[in-house]
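The following exercises concern charged and polar side chains in a single structure. Each task is followed by a solution in steps.

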Amino acid sequence: MSDDRSSIQGRTDTRTRNSDPGNADAGDEAEDGAQRDLHDQHGHPGDDGDCGGLGPPAGVRGPQHEQVDQQRHHGAEQRDPAEEGLDQAPHDRTDDGHRHGLLVTALAGDQLPADVDAETADQHADDERDEAANQSHTRGQECLRDKSIREATGLRGGRDPIPASGLPTFFAARSDHSDMDTRELGSTGMDVTEIGLGTWNVGPSWGEASDEECRDSIRAALDAGANVIDTAEVYGDGRAERLIGEVLDEYDKRVFVPTKAAPDEDERHSEAGLRESVAGSKERLGVDSLDLVQLHCPETAAFYEPETFDALEALKAEGEIDHAGVSVEKVEEATKAIEYDVVETVQIIFNPLRLRPAERFFERAKNEDVGVIVRVPLASGLLADAFEGVDDFGENDHRRWAAEDGVEAGVGRKGGETFAGVPFEDGLAAVADMRRLVPADATMAQFTLRWVLDFDAVSTVIPGSTSPGHVEENVAAADLDPLSHETHGAVQDIYEEHVEEYVHHRW
């Protein structure tokens, strides 16, 4: 194994204190440089690689799940958008009144045959309006059914019950990014935008992106309406935090900046190490206190050491930090962490190839008012549909290693960060099967981000990129209508067929 490969395969977020800082984040640099290459080669959004409330967990079966299952398997078939009404043609829909108004207009006036008189034309238009109203009522009854299913599954989306007008209303009716919907970040009191920016891609110093290019990507996120910029002290040995601080000096708006404290050499957190991390991050960001400090994926044992969380309590009481949270590799680490009152947020991997958090964690997080920050939403570019085979990766790209030598050759604890821990060929097969589900007005990356946002427990999702164009594309995913329940069922089927056996019980 080459030296380059060794530097990435180990812990990517552990700071070696009192030693050469150039070795502190070799893994982060490798991940970011590889992902920047992906942007340059394929033009797809990248992935922040650090790392909805549900009703009954997905693994629990009951009468309401039979309805969901029936819809799921029907959803696996490709259907005519006209049959689906508004569910399968989101690019055509705003509301039923608008849709049917266009239909009536197309049949009125000079578009009718020349020998039709005005009275007949008016009657024709009235008949069309009556038919539209009847169709709307029928769809309205479906709304009531969909509402009950939505409540049972914890998914956002579908249609609301019929309003007084008799026409269904829809979620996500926005016209520009500046009005991006916000969600509460647990008990922090912060309303955060549904999509933010992750800055692992900003971090590496051996990639091609200049400081100004990185600053431009941060500006693009803020200009598009995002108010969450996630970072960590190890991203570029503090480079990401420094650049964020410089950009924020240009803006007169409230931006929430979660950062992460690297573990000590033993992959746990000492109070001295946490204080050193907090002091350094404050200086680089140019703030008096940090919005949110997250433990940066320490080993599992760290979550069973109350003194670590006592140290976070002390830092909060002293005004050094405003809020505390954790970034985790495993669902069980998340469930243990929120036993400590000081933990208000959890950052976790979640995407269509990693469903276990929805089954085992989201309901509890929502019930206990814990914010959920979703990381690795695009599975190292796999869910951006950005490549076709191993030849798309350079020799020193961790994705090439995972593709050639297996999951554990990737980054993170036993390779769980690279491709979200999914074997490469199985991931490609899952993505190929998923393409048919992507709306006509969306990219695969946008479809994936919209899918994540359909879960009520998710507070925000933080894809990363150093390309302003890709950042804007990611943010635009929040403008997509929620996906249908049939589509969510089809994604579940694809997961079970292609990847569940590899990932479900590992993380």
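**Exercise 1. A charged surface patch**

Task: In this predicted model, place Asp 310 in its secondary-structure element and classify its exposure.

Solution. Step 1: Asp 310 belongs to helix α10, which covers residues 306-317. Step 2: its relative accessible area is 51%. The cut-off for exposed is over 50%, so Asp 310 is classed as exposed. Step 3: Asp 310 is also a member of a negative surface patch, together with Glu 307, Glu 313 and Asp 341.

**Exercise 2. A polar contact in a strand**

Task: Determine whether Thr 460 is buried or exposed, and identify which backbone oxygen lies 3.3 Å from a polar atom of its side chain.

Solution. Step 1: Thr 460 is located in strand β10 (residues 460-461). Step 2: its relative accessibility is 1%; since buried means under 20%, Thr 460 counts as buried. Step 3: the backbone oxygen in question is that of Glu 194.

**Exercise 3. Salt bridges between helices**

Task: State how many salt bridges a search of the whole structure finds, then analyse the pairs Arg 242 with Asp 211 and Glu 241 with Arg 284.

Solution. Step 1: the search yields 27 salt bridges. Step 2: Arg 242 and Asp 211 pair through their side chains, with an N to O distance of 3.3 Å. Arg 242 is in helix α8 (residues 239-248) and Asp 211 is in helix α7 (residues 211-223), so this salt bridge ties together parts 31 residues apart in sequence. Arg 242 is partly exposed at 31% relative accessibility, and Asp 211 is partly exposed at 26%. Step 3: in the pair of Glu 241 and Arg 284, the closest N and O atoms are 2.6 Å apart. This pair connects helix α8, which holds Glu 241, to helix α9 (residues 271-285), which holds Arg 284, across 43 residues. Glu 241 is buried at 0% relative accessibility, whereas Arg 284 is partly exposed at 27%.

**Exercise 4. A salt bridge between loops**

Task: Locate Arg 268 and Glu 305 and describe their salt bridge.

Solution. Step 1: the closest N and O atoms of Arg 268 and Glu 305 are 2.4 Å apart. Step 2: Arg 268 sits in the loop between β5 (258-261) and α9, and Glu 305 in the loop between β6 (292-296) and α10, with 37 residues separating the two. Step 3: Arg 268 is partly exposed, at 29% relative accessible area, while Glu 305 is buried, at 13%.

Notes
Residues are numbered from 1 along each chain as its sequence is written. This is a predicted model: local features need pLDDT of at least 70, side-chain atom pairs count only at pLDDT 80 or more; totals for chains, interfaces and linings use all residues. Side-chain values use heavy atoms; hydrogens and water are left out. Patches are made of residues with over 30% relative accessible area and no salt bridge: like charges are joined within 9 Å, nonpolar side chains (Val, Leu, Ile, Met, Phe, Trp, Tyr) within 5 Å. Accessible areas come from the Shrake-Rupley method with a 1.4 Å probe; for residues, only the protein chains shown count as cover. A salt bridge is a side-chain nitrogen of Lys or Arg within 4 Å of a carboxyl oxygen of Asp or Glu. Lys and Arg count as positive and Asp and Glu as negative; His and the chain ends are not counted. The place of a charge is taken as NZ of Lys, CZ of Arg, CG of Asp or CD of Glu. Helices (H or I, at least four residues) and strands (E, at least two) are DSSP runs, numbered from the N terminus. Buried means under 20% relative accessible area, exposed over 50%, partly exposed in between (1.4 Å probe, protein chains only). A polar contact is a pair of N or O atoms within 3.5 Å; within protein, one must be able to donate a hydrogen and the other to accept it, and residues adjacent in sequence count only if both atoms are side-chain atoms.
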